[in-house]
Every structure is written in structure tokens, then in C-alpha cells.
Amino acid sequence: MYTTHEFGCFYSQPLVPLLSLFLIDAVNVCKMSGLRAPSNYTEEPQRHPSLIVNSQEPFNAEPPRSALIASYVTPVDLFYKRNHGPIPVIDDIERYRVSICGLVEKPLELSMADIRKLRRHIVTATLQCAGNRRTAMSKVKAVKGVGWDVSAIGNAIWGGAKLADVLELVGISKLTSVSPLGGKHVEFVSVDKCKEEKGGPYKGSIPLIQATNSDAEVLLAYEMNGEPLNRDHGYPLRVIVPGVIGARSVKWLSSINIIENECQGFFMQRDYKMFPPTVNWENIDWSTRRPQMDFPVQSVICSLEEENTVKPGKIVVHGYAASGGGRGIERVDVSFDGGKTWVEAIRYQKSGIPYVADDTSSDKWAWVLFKAEADVSHTTEIVAKAVDISANVQPENVEVIWNLRGIFNTSWHRVHIHVQH
Ligand code: MTE
Ligand code: MO
């Protein structure tokens, strides 16, 4: 007996097409989304000239670090762009559909008009690539991956439908869980051609318990900073998973599959996992680690470059701090003498309003900007480190967290100050 559960999204056996004449409602197939995935880079969008390009094809770029502290909300054109293939194209938005299939009673296809009919929810959330600050980690020992400085992060106001509301349309009620560990996942599939997937689409998944939790605020977003998403950031529809590494926020969403276990795609199983420093490319066993989800506590000084020459006098330091899982920033410490003594920085989100690390008066998924100042009279190192509300701290040195994929460099951020008298 065939149940809707056995097929996932694709016909897997030759007799299925025949049977499907009779079982068309029962067999669970994801249809085309109307998104087109170019196989070369001739249809890329225009980009801001001040982005620092780390790789042209696929396009990976970050803004100068000073741009991050110019405003609490990062402008779209300066927001980092992280891609694994050419940017997909929509020829006719009327034909766009996102399908929901897998372990659901009745698969469903939604147009943009259907998605817009659902209650519109707004979340201010920081997106951070797990590879942020990778270049600094690669100075310890070579790592594999796109070289990022400190700006593979940005804070935006995302607008869209809550995934929990969308899943109710296929009969999955809020807070659905089998068990807190393991259990079903919700898989997000795109259309972009990624070489890591041997030309297949980018995909990833999150636990069903998170997807159906209205408070987790997982979005199918169609707006970024009050405007329709642009092509680089996932037009017409992308996932936003607040508090989780950027890799799970799948862009150019084509289908949503309810699956028995986590997604088996490359970016879940053979990437975005953190290994101990002893693991190298000869002895690596990917199956020994879980896919990374929440990002750890991070802070970076953005008002100064790695090397700075200044006159003696007052230095004002600005930067960002963020933690995953909705954990607020409890404290940011700044040292003007290489880490011997520390001052506590002032924290803020919207300017003029002092930051309090609780859900009611702050944006819990968003970064916190900080400011500290001191007189500097001789050559020194300025250092920043943050503490989140669960008392998680950043490691002092990058050496102890070195890993071959170069993810999660959250070591104390240090910049050098050369004082010229
Ligand atoms: N979604 C698709 N379809 N393809 C991708 O290459 N990259 C992921 C994620 N979603 C990616 C994707 C990664 S690794 C990150 S960090 C974020 O998108 C970056 O989002 P942004 O380009 O909007 O900043
Ligand atoms: Mo990423």
C-alpha cells in the first residue's frame, strides 16, 4: 500500500508514473517553482561598488567594516552577499509557486499572492555567515572556504509570513514535535546550481519543533528593510531563521519538505560543522558531528582597521556584538592595553535608547552596537570581547578554536594602534 509518506518529493520507482494516474492526489510531488537557475554568470544583478569582493563567481562580497556601524539596520546594497552559484531569475512572478510536500497529508502549492494573504510579520534579525572572520583563522593554519574579513554579517528588518502559519495550511499545528532531539525536520530547497551539490540546488533544514514555534519567528520573507527582497538576497521568497547561522536561511525558495530526519544535502552534512583542531582532511569523518545551527557569541571593532596610525589622544571605538538563539548581549568589554585592563562599553540598538538584554525592550534576534573610549598615548592593541545573557564568553585566542573549515572565529577581536608623536 502506498501512503503519501513514502515518496518524499520525487518519483523514485518506475511504476510510479503509471500508478500516479490513479493516485495523483495521494502521491506527494513537488512541482516546479517558476524560478530559473542560470548555469553561468551572465545574468547577475548590479552591485554596490564599495563592496569588497572575496569571490566573483559565485559572487561573495562584504562591505567595509565601517559601514556596519554607520547604522543599526544595514542598508540592503551594503549587506554581505553569500552565494554558491549564479543568482536565479524569475521570468514571470505570476507563475512562481512554493510547494509544501513530504510528510504531509495533502501537498500544497502557494503563489506569492497566497503567501501575502497570511498575516505579515516583521522581525529585525542579524544574519551572520558561519565563515565570518575566516581570514584571521587561516593565518594560524590554512583553512578551506571563502576568505571573509569581519563583515559577513548584517542586521535587517525582514517582513513576510511566519513559517508556523504557513505550515498550519497543510495541517501541521503549532509546536509540533516528536522529540526535542532528532525528530522531523523541515527542509528548504532552492533552485540555484551549486558545484558542491554537483550542480543541484542549495538546501538545508531546521527541526520541525522550531519551524512550528511561533516564538522562534522563522519567516518566509519577501521584504528586506521595507522593500521587496532583491535578487541577491533571495527574490521572491527566502527563509529567515533568526539566531541561526546564515546557511540555514535558504534563498530563492522553491519547496518546503517535511522529512523524517535532518536534510542530507551537502551544506548540512559535509559543511558548516565544527571539528576539533586535530581533525584534518585525511582523517575527517563528517558523520561524527551535527550540523551547526545557533551561532556563538561574537563581537568586532568596526571603527578601526587591523592596523591604525593615530596621534596621541582620545580614541572612540565602535563595533557590533551578537549571539545566537535569541540570547541578548549582557556585556561588551573593551581593553585599550592589549587585554590587561578592561572598560565596559555602552550598548545600544536604536540610537538614544539604552540597550537592555530582554525581549520586551530590545530586538532579541538583532545585534547590539557598542561604544567605548579612552586616551591612548603609546602604541597598543585595542581588544573587544562580549558576554551573552547565558554567560557565554568569546575565546581569547583563535588558535584554540582553529578548525579546518574555518568556521566560528569568535576569538577576542584585536586591532593594532601605532601612536605617532
Ligand atoms: N540560499 C541559497 N539558495 N543559496 C546559497 O548559496 N547561501 C547561504 C544562505 N542561503 C545560500 C542560501 C549562506 S551560507 C548564507 S551566509 C546566507 O544565505 C547569506 O545570505 P545573504 O546573501 O542574503 O547575505
Ligand atoms: Mo554562510
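These are my notebook entries on a ligand site, a small sheet and some backbone details in this structure.

**Entry 1: the model**

I keep in mind that this is a predicted model.

**Entry 2: around ligand 1**

I started with the ligand. Which residues are closest to ligand 1? I found His84, Asp192, His233, Arg238 and Lys251 at the closest positions, in a shell of 20 residues. I then sorted that shell by class and got 9 nonpolar, 6 polar and 5 charged residues.

Next I looked up polar contacts. Arg238 uses its side chain: an N or O atom there is 2.7 Å from an oxygen atom of ligand 1. Arg82 takes part through its backbone, with a polar atom 3.0 Å from an oxygen of the ligand. For Ser249 I also noted a backbone atom, an N or O, and here the ligand partner is a nitrogen atom at 3.0 Å.

How much of ligand 1 does the protein cover? On its own, ligand 1 has 540 Å² of accessible area, and the protein covers 100% of that. I also checked where the ligand sits, and the place is the largest cavity.

**Entry 3: a sheet of 3 strands**

I moved on to an open sheet that runs in the order S2-S3-S4 with antiparallel pairing. Why do S2 and S4 each have one side without a neighbour in the sheet? Strand S2 (52-55) and strand S4 (81-82) are at the edges and have a single partner strand each, so one side of each stays free of a sheet neighbour. As a reminder to myself, strands in a sheet pair through backbone hydrogen bonds, in a parallel or antiparallel way.

I looked at one pairing in detail. S2 meets strand S3 (residues 60-62) over 3 bridges, in the antiparallel sense. One bridge pair I wrote down is Ser55 with Asn60 of S3.

**Entry 4: backbone oddities**

My yardstick here is that most peptide bonds are trans, and most residues other than glycine have a negative phi.

The loop between S2 and S3 holds Pro58. Glu57 and Pro58 are joined by a cis peptide bond, with omega about -5°.

I found another cis bond between Tyr235 and Pro236, where omega is about 10°. Pro236 is in the loop that connects strand S13 (227-228) and strand S14 (238-240).

Last, I looked up Arg133, in the loop between strand S8 (120-128) and helix H4 (134-138). What is the phi of Arg133? I read a value near 70°, which is positive although the residue is not glycine.

Terms used: Residues are numbered from 1 along each chain as its sequence is written. Chains are lettered from A and ligands numbered from 1 in the order in which they are written. This is a predicted model: local features need pLDDT of at least 70, side-chain atom pairs count only at pLDDT 80 or more; totals for chains, interfaces and linings use all residues. Side-chain values use heavy atoms; hydrogens and water are left out. A residue is near a molecule or strand if one of its heavy atoms lies within 4 Å of it. A polar contact is a pair of N or O atoms within 3.5 Å; within protein, one must be able to donate a hydrogen and the other to accept it, and residues adjacent in sequence count only if both atoms are side-chain atoms. Accessible areas come from the Shrake-Rupley method with a 1.4 Å probe; for residues, only the protein chains shown count as cover. On a 1 Å grid over the protein atoms alone, a cavity is a set of points where a 1.4 Å probe fits but cannot get out, and a pocket is an open set with protein on both sides within 12 Å along at least five of seven lines; lining residues have an atom within 4 Å of a point. A molecule sits in a cavity or pocket if more than half of its atoms lie within 2 Å of its grid points. Ala, Val, Leu, Ile, Met, Phe, Trp, Tyr, Cys and Pro count as nonpolar, Asp, Glu, Lys and Arg as charged, and the others, Gly among them, as polar. Two strands pair if DSSP finds at least two bridges between them. Helices (H or I, at least four residues) and strands (E, at least two) are DSSP runs, numbered from the N terminus.
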